[in-house]
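Reader: I should like a close look at strand pairing in the structure below, followed by a brief account of the ligand surroundings.

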Amino acid sequence: MNSLSQHACNHLTELLKGFGLAADTLLSNWVDGALVAGEGEEITLINPATGEALASYRDAGAGLIERATQAAQRGQREWMALTASERGRRMNAAIRGLEGHEEALAQLESVVAGKPIRDCRAEVGKVREMFEYYAGWCDKQHGEVIPVPTSHLNYVRHVPYGVVGQITPWNAPMFTCAWQLAPAIAAGNGVVLKPSELTPFTSVVIAKQLENGGLSKGLINIVNGLGKTTGAALTDHPTISKLVFVGSPQSGRMIAEAGARRLVPSVLELGGKSANIVFADAKLDEAVAGAQAAIFAAAGQSCVAGSRLLIERSVFEQVTRRLARAAEQIAVGLPSDEATRMGPLQNRRQFEQVTRMIEAAEAAGARVLTGGKRPEGLSDEAQGYFIAPTVLVDVTPDMEIAQQEVFGPVLVAMAFDGEGQAIQLANDTRFGLAGAVWSQDVARAHRVAGQLRAGTVWINSYKAISVMSPFGGFGDSGFGRSSGLDGLREYTVPQSVWVETAPEASVAFGYGSGVG
Ligand code: NAD
């Protein structure tokens with residue numbers, strides 16, 4: 001083991017100890033208000049920066065899912081026995097359970113996920129934002145009164161599902177965890193959440209600290225393990241009455257199918273192949289900086305990555321040249337280094353997938369303008385999953401690299417002639433998560449934005465995302481919405497209540513006063 005790996009292992013052990021997770025066996029789950037070890041096969045975590053073993057823990061397995069769902073049922077009942085205002089107060093208090101632990105949490109994420117430490121600190125801030133925002137919704141979920149054409153008072157309440165199951169990926173573990181936990185409990189549900197097997201710890205710490213801060217015992221449970229074992233046990237569990245999944249379209253299909261077998265609804269937040277459209281009249285300095293951030297932040301491991309850059313032909317050469325130069329100046333390095341802007345890919349499978357897709361693109365005729373291989377200047381110890389920021393040109397829309405999500409720091413640039421072709425190319429994919437338009441012509445920017453089949457569209461911007469505004473996809477990017485009021489409503493069911501108000505009313509036999 002090289003000295004960098006040894007240092008990372010020691011650092012991880014210290015961080016886990018600080019949160020009470022380290023013992024003889026790693027206590028890698030938070031179930032019914034306690035840290036517990038898994039019961040299944042051993043899972044080894046690899047350090048993304050070095051490619052060497054970092055830690056191992058045990059798959060939770062079906063037994064822990066059973067305990068977690070029972071705890072969530074009890075926790076939910078206790079939670080719903082509180083007034084709505086009290087739930088809001090407790091959520092706000094709970095977030096204070098993270099105070100003083102922010103840096104350790106960011107470090108934990110950085111070591112395991114391989115993300116630059118500065119990005120992880122920002123992610124901790126997002127956790128706070130999400131809980132604060134949804135805490136405010138707790139006592140504002142009033143229903144409606146419907147002016148029905150009978151003597152009834154008819155009102156609608158938004159009632160929780162009960163216990164919901166959530167499954168998250170490895171690219172932004174803390175963000176996705178808080179993103180789904182906060183609305184779920186604000187709506188009154190208990191939760192069992194399974195993070196990616198590759199990034200198990202920060203979700204456990206968040207749940208533990210929140211409960212220490214004041215949430216009901218058992219309301220939130222985190223179970224760690226593989227998708228095919230622990231994940232499948234969760235999706236198949238009869239107590240789970242809604243599934244919320246963030247991950248790849250391939251797994252999303254399996255989750256939705258598992259839900260459909262039990263007639264349980266799902267929300268799917270899946271991948272993307274987002275188009276970033278630059279018109280010749282755009283402020284090109286800003287468009288180039290925006291395009292760079294859109295694809296290379298998080299080493300491209302972002303669902304909304306602007307992975308297809310569509311550039312008006314008259315400025316294509318200029319934009320791609322400037323972008324390649326900018327890509328070469330990104331500080332790629334160790335996640336722990338304060339100067340690092342882009343770290344490694346998170347895991348070997350992803351690294352191999354990205355490498356294979358670049359090679360296949362070249363074989364199909366694409367040309368690497370910059371990158372495409374291990375970045376230069378890394379230390380010898382940094383033997384992990386690094387790929388330099390990559391820009392590909394001579395790409396045609398039918399190539400795999402132009403159609404499929406790469407989920408790595410790989411940008412494909414294609415030229416277009418006129419607005420019509422820009423829209424046609426942008427929509428020429430099965431995905432529909434996000435997109436952007438860069439132009440100083442306000443009318444055109446709105447016109448084009450309105451024709452993009454994407455759940456989120458930016459004009460002269462990219463990646464502006466807030467927990468206040470709905471987020472989700474079309475097509476292979478999934479269905480349902482997260483964030484904002486729409487995200488909250490995914491966690492409730494409308495219940496219609498009819499109260500007879502007439503002094504001497506009788507219930508009509510047949511269709512007299514209502515529906516069949
Ligand atoms: P993945 O689909 O491989 O895994 C996601 C989660 O699903 C993991 O926790 C995994 O263990 C679990 N899982 C896999 N098979 C399962 C099964 N049969 N039953 C139950 N659970 C199962 O995705 P990933 O590689 O972890 O993440 C990358 C993908 O996530 C990319 O496609 C990315 O675009 C997407 N993503 C989407 C969003 C969004 O908001 N739209 C956000 C982040 C990531």
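**Strand pairing and the ligand shell**

Author: Strands E14 and E15 (residues 390-393) run antiparallel and are joined by three bridges. Strands are DSSP runs of at least two E residues, and helices are runs of at least four H or I residues, both numbered from the N terminus; two strands pair if DSSP finds at least two bridges between them. The model is predicted, so local features require pLDDT of at least 70 and side-chain atom pairs pLDDT 80 or more, whereas totals for chains, interfaces and linings use all residues. Residues are numbered from 1 along each chain as its sequence is written, and side-chain values use heavy atoms, without hydrogens or water.

Within this pair, Thr370 has Val391 of E15 as its bridge partner. The wider arrangement is an open sheet of seven strands with mixed pairing, in the order E14-E15-E16-E13-E12-E17-E18. Because strand E14 (367-370) and strand E18 (456-459) stand at the edges with a single partner strand each, one side of each has no neighbour in the sheet. From one strand to the next, the twist averages 25°, with axes fitted to C-alpha atoms and angles running from 0 to 180 degrees between N-to-C directions.

As for the ligand, it lies between domain 1 (3-270 + 481-494) and domain 2 (275-459), because both give residues to its shell; the domain bounds come from an automatic or database assignment. The ligand is surrounded by 29 residues, each with a heavy atom within 4 Å. Glu197, Ser248, Ser251, Leu270 and Glu405 are the closest.
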